[in-house]
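Me: Could you walk me through a protein that I have not met before? I would like to start with its inner packing.

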Amino acid sequence: MQGLTQEDVRHTFDGGLPSQNNIDSAIIVGAGLSGLATAFELAKQGTKVTVLEASDRPGGRTWTFRHPFSDGLHAEAGAMTVTEQCHYTMHYLREMGLETEPSDLVDTDFSYYRNGIRIRPDQVADHAEALGLHPDEQHLTVADLFARYVTKFNENIGPEVAALEWTPTPNLLELDQISVRRILTDRGASAGAIALIEPLFLEMRGGELESASAMAWARYESSPRSFSAAGAQWYKVKGGTDLLAHALADKVKDHIHYRSPVVRITQSEHEAQVTFLDRDRLQTISADRAVVTAPFSSMRRLNLSMAGLSAAKHSAIRTLKYVSVLRIYLQMRKKFWPEDKLMLSADTAICTVRDATPRLPGPRKILECWLTGWPAQAAASMTEDERVDFALHEVEQMLPGARAHFELGSSVAWDNEPYAGGAYILPEVGHSELMEHTRTAAGRIHFAGEHTAFEPNGGSMNYALESSIRVLLELSAH
């Protein structure tokens, strides 16, 4: 069913999913949240489902790091927040019997680390000149800067920027031809002001303000999911985000084949065929439909020459950019910093250092270091030990005593994950030209995942789950 809207998907989901009488079998490529939800809903209706997952775990980029940490400590490597507006995520959390609790990213003891000095947001005016603020910015707080260069302008774009349903109007499409950094500069923001408000974009721009679409950015910053608007409505999955993936996977465990990387997808008039590596041999299976939920960054490795995809679909697969993110985790013997919820925005290669375990009982804690953009790409070429040592060196400058309290470390470089190839989509300038093609079905092959969302942003469990519902409606219409 082509031409589905967000409203169509939400209305049908809330009213009850249609029957899948038109198909007897389906192959799901990928056991991330979108693949698991699709398999779960199809299996409930009696459809023969086969889920092919390249890795040895469910969840995809929903990944909670539990090893090698001590005392039950864990930290998130991927998706980590959910809001009341995340309709589909909240639905499946309730259905799986999982609970939420306040996110660790809100109400933090946030500070900047600039030029070797710790600066609280309320101290910015005292360091205005050193921070590179223009004279007319030096009396402003960070909140004032954000209001001047982000909120005020975005509110004047028009109601469509914050509308419940996404519609790419002419005003928004015009913004899609401009980068985030350019629009902030055009609005009069100094480089120093941009550096102060950029942490409020969190990871969603991935340190790539020069190429990120101002359309996608304005939409995100005008939504309840924005970090700048985060409050009590921001939550996390109690016990770890991976619990949702594992709960869904448990419902379809007999249908999942782990360590079964797909290498080729084809289709004929009557069926879709998927070839995958089954240990030391290739195996091809057929079904009425195939649902591909793997990110486009990993699909570039597949043979799709006989998949019947349009030139626009092939172009979207080749073009869509994914954010480079690398996270380094340092287990400390105890909390040696004074803040209860430490969060530092740094002007070093490590853009953020935070306590990833503020709600977990002590004495041990995990310091998490976020790297995005080119620093993440650079650190991705390091060995695990080199990354940990690099992080310790950087953190020691900000938090003296880090080396003395360090016990063990770990990391994840999303660029190096062979079946991810990046953390989440980066909507670059011109992203609107790709959006429809990312989700358009091709004959018997359908596409789901956060990269196929109606919204011009990625990095959301809700978008991934919404895409699975959209695909179910497509399947029922054939």
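Here are a few questions and answers about this predicted model.

Reply: Happy to help! Residues are numbered from 1 along each chain as its sequence is written, and side-chain values use heavy atoms, leaving out hydrogens and water. Because this is a predicted model, local features need pLDDT of at least 70 and side-chain atom pairs count only at pLDDT 80 or more, while totals for chains, interfaces and linings use all residues.

Me: Which residues touch the most other members of the largest nonpolar core?
Reply: In soluble globular proteins, nonpolar side chains tend to be buried together. A nonpolar core here is a set of buried (under 20% relative accessible area, 1.4 Å probe, protein chains only) Ala, Val, Leu, Ile, Met, Phe, Trp, Tyr and Cys residues joined through side-chain atoms within 4.5 Å. Of its 60 residues, those touching the most other members are Leu184 and Phe201.

Me: Which element gives the most to this core?
Reply: Elements are DSSP runs, with helices (H or I) of at least four residues and strands (E) of at least two, numbered from the N terminus. Those giving two or more residues include β7, α6 (180–186) and α8 (214–221). The most, five residues, come from α4.

Me: Where does this core lie?
Reply: The domain bounds come from an automatic or database domain assignment. Both domain 2 (63–105 + 234–240 + 322–416) and domain 3 (133–222) give residues to this core, so it lies between domain 2 and domain 3.

Me: How many residues are in the second, separate core?
Reply: Ile23, Val49, Met461 and Val471 are among its members. Its size is 42 residues.

Terms used. Buried < 20%, exposed > 50% of the residue type's maximum accessible area, 1.4 Å probe, protein only.
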